[in-house]
Amino acid sequence: MSLTRRGLLTLAGAATVAGCGRLSDGPGTGRLLTSKVHPPRFVTPLPIPATARPVRVTADADHYVLTQRVADVNLLPDRKTRIWGYDGTFPGPTLRGRRGRPMVVTIRNELPVPTSTHLHGGVTPPDSDGFPTDLTTPRGYSPAPPVQHGAPGQVHEISRDYHYPMAQRAATLWYHDHRMDFTGPQVWRGLLGLCVITDPREEALPLPRDERDLPLVICDRAFDEDGSLQYPSQDMAMHAPGARGQFVTGVFGDVILVNGVAWPRHEVSGVRYRLRLVNASNARRYRLALRAGGRRLPMIQIGSDDGLLSAPITHTEIIVTPGERYDVVVDFAGLPIGTEATLVNDFGTGGTTEVMRFAVVRQATDDSRVPDRLAAAEPPLTTADAVTERQFDFRYDEGRWTVNRRLYDPAGSLAAPRLDTVELWRFTSDFHHPVHVHLAHFQVLSRAGRSPEPWETGWKDTVDVRPYETVEVLAKFAGHRGKYMLHCHNLEHEDMAMMANFDVV
Ligand code: C2O
Ligand code: CU
Ligand code: CU
């Protein structure tokens, strides 16, 4: 590995932030921004993002319109923060889809900057996948989007339609901005939202539902005195030498937001709740546990990134890296009224050791349960299913974040998997890199030569790759042919070119 002197210094700084001086684990690879405000904890009620309403329902699809715009909202209880949000909210409205029922989402851009929207976890045709150079520009945007990387994408002025076939398992997906070089600052400002897909099999399960089915979009941010979001640099040429300087490792905030408010509190009944945990942070990893009294409540995992597990698995903690989703059921039964249960983050320091709080305020009847069988039984993929093997090495090289020693080239491609085949992909790393693959869902085969973590089961699209570790996955290429990408989901690494294309042929 070759590191520049500057890189070494910067990355040594990251190790310190990671706590205990250990490089091997902690909040990830990044550097902490410190807020000038200290919002109170566990006071603000947990908001649930609004559900997007279709503007039109036709025989073929449900049509939605989301407008990206500037808004002043309460991320903090006592001051407004200027954000960039889908429909001016943080997170944006939740798209609720049903398996097999296509969705057409018109994204209108009323922001001062170009955008590209990606449905993370979506089995989406390539031209709707939110390729980083497929830009939607604001009205009269000038200059024309720089084609500094040699591959002009599709450019739409003001608005465009994204086609989501929804031909995939019930799962919690999320959508977010994916603009070339600027995903970090644009997601940080609020360009993210959820997409929840259901299917008849899932609907028939006796899982907690409605107000007992809570999406929890977790992200860290840092604020200035006046409530504005801090970010090292909002809008500069990212490939200029020294751009974002010491924050090349990733940006951590010291305020934890859940569904767009700082450290919320949620009143619950003494019953089961389904928590859809989503890590929408730019760089921060969490080790989550639910603490009540002196003990940790079991978290019964029912789903992974891209669908339900075949059978539930009980954990007392789960590591969630940026981009990942975990679907768990927790049970507040048997806790006396007045009990407070805190969702804690063992990887945090100071305020980031806590995420949110649940307060048991009433008893209620519970007709939900977690059945022994969830998704239809499906034998797990094995190495015998893989038609080929490939390695993708995620590494800091000569001052840049690279994949297989290359900077991202929008016109290039590192692999050409065949449609409807399975491949073994081996991810290797120097630092923490949450590796995400578009289109293909995968199963984690091994981590550092051993079994993956107990929660890394089922269908996934993002995996926590830790320093100097090898993670093997079995990826299934299904749904569409065309150009897709894999990349590091530490958004600062992504913006610093830690991405690669592959072509499904
Ligand atoms: Cu959630 Cu290509 O990203
Ligand atoms: Cu994605
Ligand atoms: Cu990375």
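Here is a short chat about two copper sites and a group of paired strands in a predicted model.

Author: Residues count from 1 along each chain as its sequence is written, while chains are lettered from A and ligands numbered from 1 in the order written. In this predicted model, local features need pLDDT of at least 70, side-chain atom pairs count only at pLDDT 80 or more, totals for chains, interfaces and linings use all residues, and side-chain values use heavy atoms, with hydrogens and water left out.

Reader: What makes His 433, Cys 488 and His 493 donors of the copper ion (ligand 3)?

Author: A donor is an N, O or S atom within 2.8 Å of the metal (3.2 Å for Na, K and Ca), and water is not among the atoms, so sites may look incomplete. Here His 433 (ND1), Cys 488 (SG) and His 493 (ND1) sit at 2.0 to 2.1 Å, so they qualify.

Reader: Which protein donors does the copper ion (ligand 2) have?

Author: They are His 118 (NE2) and His 436 (NE2), 1.8 to 1.9 Å away. His 118 belongs to strand β7 (residues 117-120) and His 436 to strand β30, so this pair ties together parts 318 residues apart in sequence. Strands are DSSP runs (E, at least two residues) and helices likewise (H or I, at least four), numbered from the N terminus.

Reader: Are His 118 and His 436 buried or exposed?

Author: Both are buried, meaning under 20% relative accessible area (exposed is over 50%, partly exposed in between; 1.4 Å probe, protein chains only).

Reader: Why are β27 and β29 called paired?

Author: Pairing needs at least two DSSP bridges between two strands. Strands β27 (residues 386-397) and β29 (residues 421-429) have 8, in the parallel sense, so they pair. Phe 392 stands opposite Phe 427 in β29.
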